[in-house]
Amino acid sequence: MSSTDAPEQASSTDEHDDHHPTPRQYVNIAVVLAVLTALEVSTYFLDFGVIAIPLLVILMVVKFLYVAGWFMHLKFDSRVFGRMMYTGLFLALGLYALAIIVILFDSATIA
Amino acid sequence: MAAGVETTTMGLDHRKLGMWTFLGSEFLFFGAFVSAYLLYLDTTAGGPGVEIFDIPFTSISSFVLLMSSLTMVLAHHAHAQGDLRRMRLWILATAGQGAVFLGGQVFEFNVFVREGLTISESPFASSFYVLTGFHGMHVFVGILLLMSVYVLSLIGKIKPTQHVKTEMIGLYWHFVDIVWVVIFTVVYLIPEIAVLE
């Protein structure tokens with residue numbers, strides 16, 4: 001373990017700062033996110049039929065990964081940080097899965 | 001002098017590791033409320049349901065929150081370059097967008113209550129207000145943290161070399177943003193489209 005009076009320089013520079021995106025890249029990512037959001041909202045106004053909901057889920061996941069990867073720097077930071085986040089996320093997804101199972105079970109029982 | 005910052009045995013800044021652990025646990029927090037919302041989606045007790053949502057309005061506030069992530073990351077970038085003046089500018093822009101989002105949420109809640117969707121109206125209403133209300137509280141806390149960074153940098157308590165402090169607030173802010181990405185799709189768009197079909 002080490003201790004330093006200039007902690008930010010010592011810790012974060014070593015980890016990832018050399019690979020940080022430029023402001024232009026951040027703006028490009030924001031443009032992509034804006035386009036994806038527009039596509040999401042268009043599903044409300046246009047009839048996408050049976051692909052609407054799968055499309056929304058895919059767009060949600062892509063937006064999530066873009067923000068986490070680029071804005072939260074998971075693409076450039078230590079993988080340990082990503083593991084911490086995704087552990088919580090997958091545990092939470094377990095809750096979603098349980099909720100859906102309960103809904104389906106409940107519907108089947110009533111029917 | 002700021003206290004020395006220990007790194008973990010993996011060579012990682014323990015503050016960042018702590019923040020990521022906290023954010024990981026926050027998925028469980030919000031996951032529970034989203035699950036409750038999905039479970040109670042149809043239990044409107046004769047009151048208003050998802051058809052009450054104003055998708056165009058919520059889309060705009062969602063877009064504002066999404067773009068606040070851009071200004072937040074630009075604030076961190078400016079701080080990493082040692083440019084505190086620009087960092088403060090982007091911090092203010094981020095907090096402003098957060099305030100616009102919160103104002104939109106307060107307006108939306110007022111409209112819903114006037115149309116009969118009170119928090120005690122039905123299990124659907126309760127789960128909706130608890131989920132989106134807790135998210136709004138997170139945005140509010142984020143705005144307080146942003147303004148703290150702004151003031152502390154003005155009075156010299158945050159120095160140009162201490163950009164991890166801005167990064168930590170940024171991580172929290174981006175997290176609040178990605179939770180809304182999920183809420184906007186799962187709570188607003190998908191149920192609304194399912195009703196239209």
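## How confident is the model?

The pLDDT is the predictor's confidence in each residue, on a scale from 0 to 100. What you are looking at is a predicted model, so this score is a good place to start. Chain B has a mean pLDDT of 92, and 95% of its residues reach 70 or more. The model as a whole scores ipTM 0.91 and pTM 0.88.

## A helix to trace

Let's follow helix α4 of chain B, which covers residues 123-154. This helix has 32 residues, and the path from its first C-alpha to its last reaches 46 Å. That is close to the 46 Å expected at 1.5 Å a residue. Just after α4(B) comes G156(B), which takes a positive phi of about 85°.

## A buried leucine

Now find L65(B), a residue of helix α2 (residues 55-80) in chain B. Because L65(B) has 25 C-beta neighbours inside 10 Å, and 20 are enough, it counts as buried.

Leaving out residues up to four places away in sequence, L65(B) touches Q97(B), F101(B), D177(B) and W180(B). You can also compare L65(B) with G96(B): they are 31 residues apart in sequence, and their C-alpha atoms are 10.0 Å apart in space.

## Where chain B meets chain A

Here, 53 residues of chain B are in contact with 51 residues of chain A. On the chain B side, the elements giving two or more residues are α1 (14-39), α2 and α5 (163-196). The largest share, 16 residues, comes from α1(B). Sorted by class, this side of chain B has 29 nonpolar, 17 polar and 7 charged residues.

Definitions and conventions
Residues numbered from 1 in each chain as written. Chains lettered and ligands numbered in written order. Predicted model: local features only at pLDDT ≥ 70, side-chain atom pairs only at ≥ 80, totals over all residues. Helix = DSSP H or I, 4+ residues; strand = E, 2+ residues; numbered from the N terminus. Expected span 1.5 Å × (residues − 1). Buried ≥ 20, exposed ≤ 12 C-beta atoms within 10 Å, placed from the backbone. Contact = placed C-beta atoms within 7 Å. Nonpolar A, V, L, I, M, F, W, Y, C, P; charged D, E, K, R; others polar.
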